[in-house]
Each structure stands twice: as structure tokens, then as C-alpha cells.
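Work through these short exercises with the structure open. Try each task before reading its solution.

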Amino acid sequence: MTSPDAPARPAPSPAKLATFAALPLALIAGLVAFWVLGGFPSAPSTAPVSAEAPRLDSSPAAVCRALVSRLPEDLGGLHRRQVTAGSEQNAAFGDPAIVLSCGGAAPAVPPNPQLLGLSDVCWYADEQSGRTVWHTVDRQVPLQVVVPKGAEGSWLVNLSPAIVATVPSAPAGDLHC
């Protein structure tokens, strides 16, 4: 109870009332915007990456084992991940994964393709929905690197030293970088 002698408390000003009402609304709007824009980034996946492992003859299998053993554990800031099959011929990096596959069928390269020579390796790019599949065209054992759209970096250049050191060049044919 207040005493009759106590001064009356002034009513809150309209500005204070508006502030008290706007503050929770602004907080809610900020949280909704944060959620809509993706919220906190999720941790990169460490689950094994799906990969196929075609059966290889002994010579290509030896080349692939040598290549995979020389690949870095970290590719331009992307950590190496396990693969579901063929760890002696496949390697994956990052999330979404950049996947290198060794062996398998040679790519079907169209006539007069646009080829790209990077760090002594000749590549053909096959643009697909959501990804680019890069194929070597100058190696005795075919290689492919699947790069998801939006992956930025010089992945092929970073892989080239191991490729040049372990996968012999094919005799020059009709395709030249």
C-alpha cells in the first residue's frame, strides 16, 4: 500500500511503451531471419562418401594404389574422408565431397573437345547437373574428379603432383592440351 503522502508515480511515456513492445518483436524477427538464412552452419560430414570400385587388372590397380597413397590428407583446406568402396582407388575430400576415382572406363570425349592443361595433366570437363566431372585424357590409367557446383578452389592443380608422380602419361593420340 502506498501512503497518501507518497507522490504518484508518473505513467510510462508512450516512447517507453513502444520500446517495450518493439523489443520482443525485433528479437523474434531476428531469430526468424537467422533461421530462414540457414542458422548456425552444421559441422561438415565425416560419414564415408559413396564410391564405386570397379575391378581393376593388376597393373592399373598398382598405379591406383600408388596414387591414392600419395594424395594429401588435406586438399586446399578440405579434409580427406573415407569412401564406401575401393579405398585403394578412390579418395574424397570435404563436404560436399570432391571425389577422385582411379581406373574404370575411359571417358567418352566428344570430337574437338575443349581441353585444359593444368600442372602437366590434361583434363576434359563434363558439365553435369550440380557437378563437373573432370577426366584425364593423357594418362595410361583413366582418372576422374567429381567436383560439386559451388566448390571453389584449385582442386585439380592440388592433385596434379601426385598424378604426375604416379600415373604414367599415355602415348600422344588425337587429343592434345
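**Exercise 1. Find how much area the chain exposes, and what share of it carbon and sulfur atoms supply.**

Solution. This is a predicted model, so every value here is computed from it. Start with the total: the chain exposes about 11,500 Å². Then take the share: carbon and sulfur atoms supply 59% of that area. Now turn to the inside. The chain has 177 residues, and 31% of them are buried. Buried here means under 20% relative accessible area.

**Exercise 2. List the secondary structure elements in order from the N terminus.**

Solution. Count by type: there are 3 helices and 8 strands. Next, read along the chain from the N terminus: α-α-β-β-β-β-β-β-β-β-α. Last, look at contacts with a separation of 6 or more. Residues 24 or more positions apart account for 55% of these.

**Exercise 3. Locate the largest nonpolar core and the elements that build it.**

Solution. Step one is size: this core has 26 residues. Step two is its most connected members. Leu67, Leu71, Trp123, Val145, Leu159, Ile163 and Val167 have the most contacts inside it. Step three is the elements. Two or more residues each come from α2 (58-70), β3 (90-93), β4 (98-102), β6 (121-128), β8 (143-148) and α3 (155-166). Another core, of 6 residues, lies apart from this one, and includes Val49, Ala92, Ala97 and Val99.

**Exercise 4. Which residues does Ile163 contact, leaving aside its neighbours within four places in sequence?**

Solution. Contact means heavy atoms within 4.5 Å. With the sequence neighbours set aside, Ile163 is in contact with Leu67, Val121, Trp123, Arg139 and Leu143. Two of these names, Leu67 and Trp123, also stand on the list of residues with the most contacts inside the largest core.

**Exercise 5. Describe the largest pocket: its volume, its lining and the elements involved.**

Solution. The volume is about 420 Å³. The lining has 23 residues, and Glu52, Asn90, Ser101, Gln144 and Val146 lie nearest the centre. The elements β4, β7 (131-136) and β8 each give two or more residues to this lining. The largest share, 4 residues, comes from β8. By class, the lining has 12 nonpolar, 9 polar and 2 charged residues.

**Exercise 6. Which residues line the second largest pocket?**

Solution. This pocket has a volume of about 200 Å³. Cys122, Val137 and Asp138 are among its lining residues. The lining also includes Ala170, Pro171, Ala172, Gly173, Asp174, Leu175, His176 and Cys177. Sort the lining by class: 7 nonpolar, 2 polar and 2 charged.

How values were computed:
Residues numbered from 1 in each chain as written. Predicted model: local features only at pLDDT ≥ 70, side-chain atom pairs only at ≥ 80, totals over all residues. Heavy atoms only, no water. Core = buried A, V, L, I, M, F, W, Y, C linked by side-chain atoms within 4.5 Å. Buried < 20%, exposed > 50% of the residue type's maximum accessible area, 1.4 Å probe, protein only. 1 Å grid on protein atoms, 1.4 Å probe; cavity = no way out; pocket = protein on both sides within 12 Å on 5 of 7 lines; lining within 4 Å. Points joined across faces, edges and corners; volume = space filled by probe spheres on them. Nonpolar A, V, L, I, M, F, W, Y, C, P; charged D, E, K, R; others polar. Areas by Shrake-Rupley, 256 points an atom, 1.4 Å probe, with all protein chains shown as cover.
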